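Hi everyone, thanks for coming. I'd like to walk you through one protein chain today, a piece at a time. Could you pull it up on the screen, please?

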Amino acid sequence: MKLSNLKSFVDVATEGSFTKASEKSYISQPTLSRRIQELETELGVELFIRLSHGLELSNAGEQFLPEASKVLKSIDQLEHMFDHDVSSEHRSQIIRIGYLPNFNMGKMYELFARFRIDHPTIQFLMKPDTPMNLTEGVANGRYDLVFNLAIYFQANTTIEKMEFMKNDLQIALPIDHKLSHQKKLNFADLSQETFILFERQQSPVIVDFVISQGIKNGFNLKVNSYVKDLNEGLSLVSVGKGLAFLYSGMNDGTLEEKYHINISDLETTRNNQNIVAAIDKHNDNELLRELFTFLKT
């Protein structure tokens, strides 16, 4: 097994694309592709799932990445064994990050960029995932650090968490809707409306919560469509197919203009919808601990 193939695999995996990995490593995309194919042939598995909009690690790739990274780290430590000015613990480490799709995570990327100023060799392997997968992933070691809804960690005593982003429930309405001029609404105001909901596996908490709030206010939600992402949901709102629930953490301030809709806050009794950063209390990775402390500042 060639080290160059391992290095190319890790570069593509951490960058999330052949284009970015090629620019970073100054290796042509055909060469990177050939190296990955050689590695996949040697292992007898596919390491990446090729998608129309990019690629992502396969299950085998996710298992292989930490092992490949350990090999490269060991080689790096040997090469720098007698360099007394560089800490081997903080050299060429990969931190696996899981985060919620659809949310405005600009703050997360900004903080990571600032952290890399003092830790230029750190690499972040980023993956959007469902709330349940993020919760399970940080517990079983699939992720080192996740950004998830606080409610998913309420009963988990093995997780260390910190509040990262305020997050409240909102409702998107067509711009000509009779309620669109109101900046704050109650669930009771929505009893006669038709809704667009996320598919339950995408966010079971928000789906179950809004259904329960409807029942609490004396009506069952009439659902017109189920969608996989925010873009699909807001596009349907804009053409009058119904109202869509979203979180304020998804709203970067441009959604109303982009989709030609209005967004109002919803009065709710729940106060645990905020997004938290979370790590396993037993994870002894010093660089991860340093990053987690940095996020608190």
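Okay, let's start with a single pair: in strand β5, the bridge partner of Y99 is F147. Y99 belongs to strand β3, residues 94-99, which runs parallel to β5, residues 145-149, with three bridges between them. When I say two strands pair, I mean that DSSP finds at least two bridges between them. And helices (H or I, at least four residues) and strands (E, at least two) are DSSP runs, numbered from the N terminus.

Quick housekeeping. This is a predicted model, in which local features need pLDDT of at least 70 and side-chain atom pairs count only at pLDDT 80 or more, while totals for chains, interfaces and linings use all residues. Residues are numbered from 1 along each chain as its sequence is written, and side-chain values use heavy atoms, with hydrogens and water left out.

Now, the sheet around that pair. In what order do the five strands of this open sheet come? The order is β4-β3-β5-β13-β6, with mixed pairing. At the edges you've got β4 (123-128) and β6 (159-165), each of which pairs on one side only. From one strand to the next, the twist averages 25°. Angles here run from 0 to 180 degrees between N-to-C directions, and axes are lines fitted to C-alpha atoms, for helices over the stretch in contact.

There's a second open sheet, with six strands in the order β8-β12-β7-β11-β9-β10, and its pairing is mixed as well. β8 (184-185) and β10 (222-227) are at the edges with a single partner strand each, so one side of each has no neighbour in the sheet. Inside that sheet, β7 (residues 169-174) and β12 (residues 261-266) run antiparallel and are joined by five bridges. One pairing to find there: Q170 has D265 in β12 as its bridge partner.

Helices sit on this sheet too. α8 (residues 230-238) packs on the sheet, touching β7, β9, β10, β11 and β12, and its direction makes about 135° with that of β10. Then there's α7 (residues 204-216), which lies across β7, β9 (194-198) and β11 (243-247), and runs at about 155° to β9. Contact, by the way, means heavy atoms within 4.5 Å.

Okay, what about the inside? A nonpolar core is a set of buried Ala, Val, Leu, Ile, Met, Phe, Trp, Tyr and Cys residues joined through side-chain atoms within 4.5 Å. Buried means under 20% relative accessible area, exposed means over 50%, and partly exposed is in between, using a 1.4 Å probe and protein chains only. Which residues touch the most other members of the largest nonpolar core? Out of its 71 residues, they are L145, F147, L190 and F245. So F147, the partner of Y99, turns up again. Helix α10 (residues 286-296) gives the most to this core, with six residues. There's also a second, separate core of 20 residues, and F18, L32, A68 and L72 are among them.

Let's zoom in on L145. Leaving aside neighbours within four places in sequence, L145 has contacts that include R96 and I97, F112, and L288, L291, F292 and L295.

F112 is in helix α5, where L111, F112, R114 and F115 meet L287, E290, L291, F294 and L295 of α10. The axes of α5 (residues 106-118) and α10 come within 11 Å and cross at roughly 125°. That makes them oblique to each other: angles under 35 degrees count as roughly parallel, over 145 as roughly antiparallel, 65 to 115 as roughly perpendicular and the rest as oblique. The crossing is right-handed, which is the label if the near helix is turned clockwise from the far one by less than a right angle, with left-handed for anticlockwise.

Down at the other helix pair, α1 (residues 3-15) and α2 (residues 18-25) have axes that come within 8 Å and cross at roughly 120°. They're oblique to each other too, and their crossing is right-handed. D11, V12 and E15 in α1 meet F18, K20, A21, K24 and S25 in α2.

To finish, the whole chain: it has ten helices and 13 strands. Buried residues make up 47% of its 297 residues. And the C-alpha trace spans about 70 × 40 × 30 Å along its principal axes. That's me done, thanks!
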